[in-house]
Amino acid sequence: MAPKAVRFLALKNTKKTMRIALVILIGIHGIIHLFGFLKAFGISEFNEISQAISKTFGIFWFLTFLLLAITIVLFLNHSSYWWLSGFLAVIISQVLIFNFWSDAKFGTAANVIILLATILGYSSFNFKHKVNQERISLFENAEIQSQEIVTEKALADLPLIVQKWLTKSGIIGKKFISNVHLVQELQLKLKPEQANWNNGTAEQYFTVQPPAFNWNINAEMNSILRVVGRDEFVDGEGEMIIRLLSLIPVATAKNDEKINQASLQRYLAEIVWFPSASLSQYIKWETIDDYSARATMEYKGTKGSGEFHFDRNGNFEKFVAMRYQDINDANPTEWSVRATKIEEKNGIKIPVECEASWKVENARWTWLKLKITDIQYNVKEMPVGNSVYKKYGKQHH
């Protein structure tokens with residue numbers, strides 16, 4: 001078995017073990033609270049509980065047991081709201097422990113662990129909710145492109161190699177793309193000297209009019225630590241958020257010309273996944289040579305450019321741009337995206353596997369490998385969490 005597969009299975013097994021351990025802890029904690037209820041109502045005597053328990057307190061002991069049982073059920077069913085019942089159970093449990101301290105004080109340790117777990121559960125829920133609301137806003141503000149068909153005439157003013165690429169991609173005779181929903185599998189390296197790849201998944205939404213995207217990632221750093229992130233380009237402005245365990249801010253960048261330009265350049269590079277966007281009014285093309293062309297995009301005061309390179313058959317090979325790696329950098333760095341596999345998806349030929357690299361000290365540092373596992377065009381229903389958002393967009397006349 002390959003080292004990558006072994007590492008993935010180890011991470012998966014560790015995560016599963018931690019989930020089982022948490023369920024067992026909550027279950028034992030709940031049973032102890034059930035004992036308090038049984039003693040209060042004289043159903044059974046427990047010598048371990050020396051203090052008398054009134055029936056009023058007995059009801060609260062049972063309520064805590066019930067909330068902990070609900071927490072287990074919701075947690076095992078991957079409900080987004082399991083943390084809520086868990087948090088309420090911890091609060092009531094700790095109040096009971098304070099009132100029966102001599103017998104129940106050791107339950108505080110269990111409550112601390114469960115509380116930490118619920119905080120992480122809430123932070124994950126809160127981050128996902130934020131991203132979902134941004135997606136809804138993105139689609140609500142998007143115009144539905146005309147239902148016109150892309151024709152050869154629409155490509156007439158573009159560089160010849162770009163015309164060849166668009167024709168090769170198969171967009172001729174198909175409707176203009178208004179929006180895109182795609183899912184990716186990722187491998188990441190956070191530093192050039194990092195030996196192993198971190199695995200992750202990502203989901204991304206694009207709109208063409210206005211040009212915008214929302215991309216969120218979930219990556220495993222090791223068997224315990226998980227990083228989530230979100231990049232977006234909206235109204236000509238970019239924003240990046242990275243959080244450890246969905247809770248601890250690792251990096252945040254926004255309200256800066258450099259991040260705005262870098263986000264626009266990323267959008268420009270990724271139009272290879274929805275090629276008809278290259279006909280956008282915000283993108284201007286110029287020929288470099290027989291196999292490359294420069295695209296310059298300007299939208300709401302943000303401007304950026306990059307070079308598209310193709311092979312002799314018109315297949316996309318790579319995108320290269322001088323892009324800011326960090327908002328604190330004085331100068332931009334060469335950034336490139338290379339296609340490693342091209343395949344037809346939903347009738348359009350696109351790069352389904354790519355590598356992104358920075359040029360560091362005259363060497364290429366490949367920090368990202370991605371694979372598109374699903375891509376949909378002109379979606380009319382947008383998945384948001386466990387539901388579907390159907391009402392979006394403004395009809396463009």
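This passage walks through some helices, salt bridges and empty spaces in a predicted model.

Helix 2 is a handy place to start. It runs over residues 55–76, and its 22 residues reach 32 Å from the first C-alpha to the last, close to the 32 Å expected at 1.5 Å a residue. Its buried residues are Gly58, Trp61, Thr64, Leu67, Leu68, Thr71, Ile72 and Phe75. An α-helix has 3.6 residues a turn, so residues three or four places apart point the same way. After helix 2 comes His78, with a positive phi near 55°.

Helix 7 takes up residues 257–269, and the same kind of check can be made there. At 1.5 Å a residue its 13 residues should span 18 Å, and the end C-alpha atoms are indeed 18 Å apart, so the two figures agree. Of those 13 residues, 10 are buried, which means that helix 7 is largely enclosed by the rest of the structure. The buried set is made up of Ile259, Asn260, Ala262, Ser263, Leu264, Gln265, Arg266, Tyr267, Leu268 and Ala269.

A few contacts fill in the picture of helix 7. At its N-terminal end, Asp256 acts as a cap, with a side-chain oxygen 2.7 Å from the backbone nitrogen of Lys258. Further along, Ser263 has a relative accessible area of 7%, so it is buried. A polar atom of the Ser263 side chain lies 2.8 Å from the backbone oxygen of Ile259. Arg266, also in the buried set of helix 7, forms a salt bridge with Glu270, and their closest N and O atoms are 3.0 Å apart. Both partners are out of the way: Arg266 counts as buried because its relative accessibility is 8%, under the 20% cut-off, and Glu270 counts as buried at 9%.

That pair brings up salt bridges in general. Side chains of opposite charge can pair when their charged atoms come close. The structure holds 13 salt bridges. In one of them, the side chains of Glu134 and Lys130 meet with an N to O distance of 3.2 Å. Both residues sit in helix 5 (residues 107–140), four residues apart, or about one turn of the helix. The two partners fall into separate exposure classes: Glu134 counts as buried at 15% relative accessibility, whereas Lys130 counts as partly exposed at 30%. The pair also belongs to a wider network of salt bridges that links Lys130, Glu134, Arg230, Glu232, Glu239 and Lys254.

Another salt bridge joins the side chains of Glu307 and Arg294, 3.1 Å from N to O. Glu307 lies in strand 10 (residues 302–310) and Arg294 in strand 9 (residues 292–299), so the pair ties together parts that are 13 residues apart in sequence. Glu307 is partly exposed, with a relative accessible area of 24%, and Arg294 counts as partly exposed too, at 27%.

Elsewhere, Val250 has its place in strand 7 (residues 248–254). With a relative accessibility of 53%, Val250 counts as exposed, because the cut-off for that class is over 50%. Val250 and Val227 are 23 residues apart in sequence, and their C-alpha atoms are 8.9 Å apart in space.

Next come the empty spaces. Rolling a probe the size of a water molecule over the atoms shows where empty space is left. The count comes to one cavity of 30 Å³ or more, and the largest cavity has a volume of about 70 Å³. Lining the largest cavity are Trp165, Lys168, Ser169, Val272, Gly314, Asn315, Phe316, Ile342, Lys349, Ile350 and Pro351. Helix 6 (160–169) and strand 13 (348–360) each supply at least two residues of this lining. Sorted by class, the lining of the largest cavity has six nonpolar, three polar and two charged residues.

As for pockets, the second largest one holds about 1,200 Å³ of space. Its lining consists of 49 residues, and those nearest its centre are Asp231, Met240, Ile242, Gln325 and Trp367. By class, the lining of the second largest pocket has 32 nonpolar, six polar and 11 charged residues.

Note on methods. Residues are numbered from 1 along each chain as its sequence is written. This is a predicted model: local features need pLDDT of at least 70, side-chain atom pairs count only at pLDDT 80 or more; totals for chains, interfaces and linings use all residues. Side-chain values use heavy atoms; hydrogens and water are left out. The expected span of a helix is 1.5 Å times one less than its number of residues. Buried means under 20% relative accessible area, exposed over 50%, partly exposed in between (1.4 Å probe, protein chains only). A polar contact is a pair of N or O atoms within 3.5 Å; within protein, one must be able to donate a hydrogen and the other to accept it, and residues adjacent in sequence count only if both atoms are side-chain atoms. On a 1 Å grid over the protein atoms alone, a cavity is a set of points where a 1.4 Å probe fits but cannot get out, and a pocket is an open set with protein on both sides within 12 Å along at least five of seven lines; lining residues have an atom within 4 Å of a point. Grid points are joined across faces, edges and corners, and a volume is the space filled by probe spheres set on the points. Ala, Val, Leu, Ile, Met, Phe, Trp, Tyr, Cys and Pro count as nonpolar, Asp, Glu, Lys and Arg as charged, and the others, Gly among them, as polar. A salt bridge is a side-chain nitrogen of Lys or Arg within 4 Å of a carboxyl oxygen of Asp or Glu.
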